[in-house]
Amino acid sequence: MQAINTALCSMGMSGTLFHAPFLSVNPKFNLYGVWERTNNLAEKKYPDIKTFRTLEALLADENIELVVVNTPSITHFDFAKKVILAGKHLVVEKPFTPSAAEAEKLIQLAEEKNVKLSVYHNRRYDSDFRTLRKILHEGLLGKLVEAEFHFDRFVPELSKKAHKEEPTPGVGTLYDLGSHLIDQALVLFGMPKAIFGDLGINRSGSKVVDYFDLKLFYEWGRVILKSSYFVREALPGYVLHGSKGSFIKAKTDVQENCLLAGKIPGTADWGTEPEHERGLLHTEKDGKIIKEEIPSLRGNYMDYYDGIYEAIRNNKPVPVSGAEGMRVIKLIEAAMLSNEQKKVIDL
């Protein structure tokens with residue numbers, strides 16, 4: 001097995017929590033380098049890592065095969081384009097790009113240069129979402145009628161990271177948290193036929209969207225996606241209703257909290273939710289009405305990078321394609337247009 005030399009474009013929260021811990025313990029990868037303009041944060045935890053002061057210097061290193069573009073979203077297009085032109089494979093943090101037009105250009109360029117391009121939609125690998133997919137796959141709810149997904153927080157203060165509060169393209173909770181919920185809806189149900197978006201700004205002094213309520217219209221029913229920074233008492237993360245019954249599940253994947261606590265991925269119990277966080281299934285099965293708690297499947301973001309390895313070394317499909325990432329951005333743009341025009345937008 002030849003490990004893939006990988007470099008990060010940032011050692012902020014994304015690099016520290018969601019990329020470096022997985023790349024550093026996975027024998028299929030070698031956490032080779034990082035771009036840090038002035039600091040040496042990565043070297044303190046990963047002494048063997050190579051620090052680059054410019055992106056150009058990083059891209060000039062022929063040992064690097066894979067680059068993770070995990071800088072602020074406004075930079076994704078420009079930096080990803082440079083990575084592709086350098087002939088290196090790349091993972092781009094969500095949201096893919098601020099616009100679908102930029103996403104399409106990157107996809108075409110990656111195809112021309114024969115490099116693998118993937119978007120880091122890690123929430124596909126959450127325990128709660130995996131459990132939800134299993135319930136739907138087994139048809140336990142009958143014909144689905146309605147689904148509602150929440151990604152709520154209680155954070156009334158503005159972020160200390162200035163780039164997250166500047167009203168620039170790709171900024172705001174619709175891009176930040178909304179991209180996760182939209183991607184999950186697309187994975188489960190495909191593209192809707194229409195969308196209605198209600199966007200708002202609730203925090204004092206905020207200049208960017210920090211509330212959204214989206215309604216996705218399908219032939220079979222509706223999918224509602226919501227997020228607010230003023231939810232102290234969280235609602236269920238997932239509520240689904242079908243012709244046979246309902247499934248209700250809290251948003252409880254443990255991986256982010258474990259990473260914040262400094263735990264190392266790959267342990268036997270990694271991504272395992274506590275039993276009290278089980279989802280509730282109330283439905284009809286084999287002619288009987290049942291109401292029971294459903295054990296959660298394990299979450300594991302490492303599965304994403306295992307997929308990246310297979311794509312690069314064995315020419316398998318990337319775990320999240322550029323086209324899939326672009327679909328998310330198309331829905332975000334349609335939601336913004338809907339909010340602006342106060343009407344349903346046909347897709």
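Me: What makes Glu 165 and Arg 203 a salt bridge?
Reply: In this predicted model, the closest N and O atoms of Glu 165 and Arg 203 are 2.9 Å apart. The cut-off is within 4 Å, so the pair counts as a salt bridge.

Me: Which parts does this pair tie together?
Reply: Glu 165 lies in the loop between strand S7 (144-150) and helix H7 (173-176), while Arg 203 lies in the loop between strand S8 (194-200) and strand S9 (211-217). The pair therefore ties together parts that are 38 residues apart in sequence.

Me: Why is Glu 165 called buried?
Reply: Its relative accessible area is 12%, and buried means under 20%, so the word fits Glu 165. Arg 203 has 5% relative accessibility, so Arg 203 counts as buried too.

Me: How do you know that Asp 210 forms a salt bridge with Arg 203?
Reply: Happily, the check is a short one! The closest N and O atoms of Asp 210 and Arg 203 are 2.8 Å apart, and the limit is within 4 Å. Asp 210 has 1% relative accessibility, so Asp 210 counts as buried.

Me: Why is Lys 134 called partly exposed?
Reply: Lys 134 has 37% relative accessibility. Buried would need under 20% and exposed over 50%, so Lys 134 falls in between. Its salt-bridge partner is Glu 138, with the closest N and O atoms 2.7 Å apart. Glu 138, at 42%, counts as partly exposed for the same reason.

Me: How many salt bridges does the structure hold?
Reply: The structure holds 16 salt bridges.

Conventions
Residues are numbered from 1 along each chain as its sequence is written. This is a predicted model: local features need pLDDT of at least 70, side-chain atom pairs count only at pLDDT 80 or more; totals for chains, interfaces and linings use all residues. Side-chain values use heavy atoms; hydrogens and water are left out. A salt bridge is a side-chain nitrogen of Lys or Arg within 4 Å of a carboxyl oxygen of Asp or Glu. Buried means under 20% relative accessible area, exposed over 50%, partly exposed in between (1.4 Å probe, protein chains only). Helices (H or I, at least four residues) and strands (E, at least two) are DSSP runs, numbered from the N terminus.
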